[in-house]
Amino acid sequence: MMEQTMKTVLVNGQGGPELLEVHEVARPAPGPGEVLVKVAFGSVNAVDKRVREGYLREYAPRPYAAGSDFAGTVVEAGAGADLAPGTRVFGGLMPNTGGYGEYVKVNAADVARIPDGVGFEQAASLPVAGLTAWSAIIALGELQPGQRVLVQGAAGGVGHFAVQMARRIGAHVIGVASAGKAAFVRELGADEVLDYADPHYARGLHDIDLVVDGVSAASIARVYPAMKPGGRVFSLFDQPPAPPEGVRAAFLAGGTGPGTLREKLDNVVAMVARGELVPHISRIYTQAEAALAQEANKTGKVLIRP
């Protein structure tokens, strides 16, 4: 008989990593159209930390179960759910999905099957970071071969996917990262890597068609003079400053773009299955180490094993 309780990471309050606490709670039962997933891995995203600190409070009222992304196996299915027990799935976008927990209850329509040849670790890394990169580079950014794209935070979760997608399209890719991560960003496919610690790194930029900023909206203003007319700018955390005439700038939430959530997840995981996108997993933490995982200096993706 399946255990009736589970361990998950709860956040009650707003502030530092000490708020992340492991609690034993009742294991939920799936309702109509829902599935219960035994989590193999949860994924840590930059937004998880920001939500804990008070960002997007309207989406994660306190207390909430931490973690957005997850991958695992369906163990129970509610009436009408189209995923049978034993199906390997992944999903999660909201910061209170509970992806750091041992089990997650979700709408079956909001998860996707993991294809053969794709591991739980790879799939868990995709929902927030992979879909955000897909939205910025492909669905909304509409990047074309030969165009010039600047990815700020190029070594991070979203950034390392965005660099790979842009390279696959055939764009000229410029990554901004710390000096210690420059080699990693080049290995991902960047044509140029700029040191974010250099206050003048934007001076040599020119003819930029697309900017994907995974650091802070405030840093985008220094890039505006290098933008081409008709250029697009996406900030992943805040509304960007007013752009110059002829440049479009917007705040981009993960997963924005055409199609259902499952269809979007299918699009991104198919890239992994074809070898076109390679998630970089830098470290796997235990559930009890969730605070360390959220504060880690991330290269690629950091996972949590419940």
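This report describes the sheets, two helices, ring contacts and backbone exceptions of a predicted model.

## The six-stranded sheet

One open sheet contains six strands in the order β11-β10-β9-β12-β13-β14, and their pairing is parallel. Its edges are formed by β11 (192-195) and β14 (248-251), each of which pairs on one side only. Direction ignored, neighbouring strands of this sheet are turned by 15° against each other on average.

At the β14 edge, the partner strand is β13 (residues 227-235), which runs parallel to β14 and is joined to it by four bridges. Within this part of the sheet, Ser235 stands opposite Phe251 of β14.

## Helix α3

Helix α3 lies across β9 (148-152), β12 (208-213) and β13, and runs at about 170° to β12. The helix comprises residues 127-139; its end C-alpha atoms are only 15 Å apart, whereas a straight helix of 13 residues would reach 18 Å at 1.5 Å a residue.

Because 12 of its 13 residues are buried, α3 is largely enclosed by the rest of the structure. The buried residues include Pro127, Val128, Leu131, Trp134 and Ile137, together with Gly130, Thr132 and Ser135. Four alanines are also among them: Ala129, Ala133, Ala136 and Ala139.

## Helix α4

Helix α4 (residues 157-169) also packs on the sheet, where it touches β9 and β10 (172-177); its direction makes about 170° with that of β9. The end C-alpha atoms of α4 are 19 Å apart, which agrees with the 18 Å that its 13 residues should span at 1.5 Å a residue.

Of the 13 residues of α4, 10 are buried, so that the helix is mostly covered. These buried positions run from Gly157, Val158, Gly159, His160 and Phe161 through Ala162, Val163, Gln164, Met165 and Ala166. The elements covering them include α3, β9 and β10, as well as α5 (182-188), α6 (261-273) and β16 (301-305). Just after α4, Gly170 adopts a positive phi of about 100°.

## The three-stranded sheet

A second arrangement is an open sheet of three strands, ordered β2-β1-β4 and paired antiparallel. Here the edge strands are β2 (20-26) and β4 (64-65), each pairing on one side only. Strand β1 (residues 5-11) is connected to β2 by seven bridges, and the two run antiparallel. In this pair, Val9 stands opposite Val22 of β2.

## Ring contacts

Two charged side chains are placed over the ring of Tyr103. The charged end of Arg27 sits 5.9 Å from the centre of that ring, and the charged end of Lys38 sits over the ring of Tyr103 at 5.5 Å from its centre. By contrast, a search of the whole structure finds zero aromatic pairs.

## Backbone exceptions

Most residues other than glycine have a negative phi, and most peptide bonds are trans. The peptide bond from Arg62 to Pro63 is cis, with omega near -10°. Pro63 belongs to the loop between α1 (46-52) and β4.

Two residues other than glycine have a positive phi. Glu142 has a value of about 45° and is placed in the loop between α3 and β9. For Asp207 phi is near 55°, and this residue lies in the loop between β11 and β12. With a relative accessible area of 42%, Asp207 is partly exposed.

Terms used:
Residues numbered from 1 in each chain as written. Predicted model: local features only at pLDDT ≥ 70, side-chain atom pairs only at ≥ 80, totals over all residues. Heavy atoms only, no water. Expected span 1.5 Å × (residues − 1). Buried < 20%, exposed > 50% of the residue type's maximum accessible area, 1.4 Å probe, protein only. Phe/Tyr/Trp six-rings, centres within 6.5 Å; stacked < 30°, edge-to-face > 60°. Lys NZ or Arg CZ within 6 Å of the ring centre and 35° of its normal. Pairing = 2+ DSSP bridges. Axes fitted to C-alpha atoms, helices over the stretch in contact; angles between N-to-C directions. Contact = heavy atoms within 4.5 Å.
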